[in-house]
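Hi there,

Here is the structure I promised to hand over to you. Please have a look at it first, and then read on for my notes.

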Amino acid sequence: MENVRKILEEQRISFDIIRHKQPIRTAKEGAHALGIDIGQTAPALVLKADADYVVLIMSGARGRIDLEAAARMLGCSKLELASRLEAREATGYEAGAIPLAGHALPCLVDKLLYRYPWIYGGTGEPDSTLKLDPRDLSKVNHVIAHLDADGLG
């Protein structure tokens, strides 16, 4: 979490880190625990794109993403959810606590997140949540594509 804090402070980005007593495991749990709209939850998922990895930062309101279409958009043959071990090896963080900033992987960002003034996602530690303006995601990540309402950008 200190890595995330340092990056955000260096970029002069407004943020808040919210501590909670137990890990938040789902978007629904996060929305309930934080008293926010489920669409403001922003889980960061590690996807395996051929031999590389990307981080998908998506709105908790989105049901599913068409991974085949997203793979075509990225120009890779296959896109799939990384295993817990692969996610850890690729980011240095445990799946379920992948931070919204502070990893070196390229990112796909869900445009649904831009509907909100604040989004809530990982800090790298399971007992805290990062509150961040979604427009700042591109300042602290290498965003390579955006997913629009139908899941593609």
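Below is what I found, starting with the sheet and ending with the cysteines.

Please keep in mind that this is a predicted model.

A good place to begin is the open sheet, which is built from five strands in the order β4-β2-β3-β5-β8. Its pairing is mixed. At the edges lie β4 (79–81) and β8 (142–147), each of which pairs on one side only. On average, neighbouring strands in this sheet are turned by 35° against each other, with direction ignored.

Within the sheet, have a look at β3 (residues 52–57) and β5 (residues 106–110): these two strands run parallel and are joined by three bridges. Here you will find Leu56 of the model standing opposite Leu108 in β5. Helix α4 (residues 84–91) packs on the sheet, where it touches β2 (44–49) and β3. The direction of α4 makes about 95° with that of β2.

Now to the cysteines. How many disulfides does a search of the whole structure find? The result is zero. Cys76, for one, is in no disulfide. Why is there no bond between Cys107 and Cys76? The closest cysteine sulfur to that of Cys107 is the one in Cys76, and at 15 Å it is too far for a bond; a disulfide would need the two sulfur atoms within 2.5 Å.

Are these two cysteines buried or exposed? Cys76 is buried, with a relative accessible area of 13%, and Cys107 is buried too, with a value of 0%.

Enjoy exploring, and write back any time.

Best wishes

Technical notes
Residues are numbered from 1 along each chain as its sequence is written. This is a predicted model: local features need pLDDT of at least 70, side-chain atom pairs count only at pLDDT 80 or more; totals for chains, interfaces and linings use all residues. Side-chain values use heavy atoms; hydrogens and water are left out. Two strands pair if DSSP finds at least two bridges between them. Helices (H or I, at least four residues) and strands (E, at least two) are DSSP runs, numbered from the N terminus. Axes are lines fitted to C-alpha atoms, for helices over the stretch in contact, and angles run from 0 to 180 degrees between N-to-C directions. Contact means heavy atoms within 4.5 Å. Buried means under 20% relative accessible area, exposed over 50%, partly exposed in between (1.4 Å probe, protein chains only).
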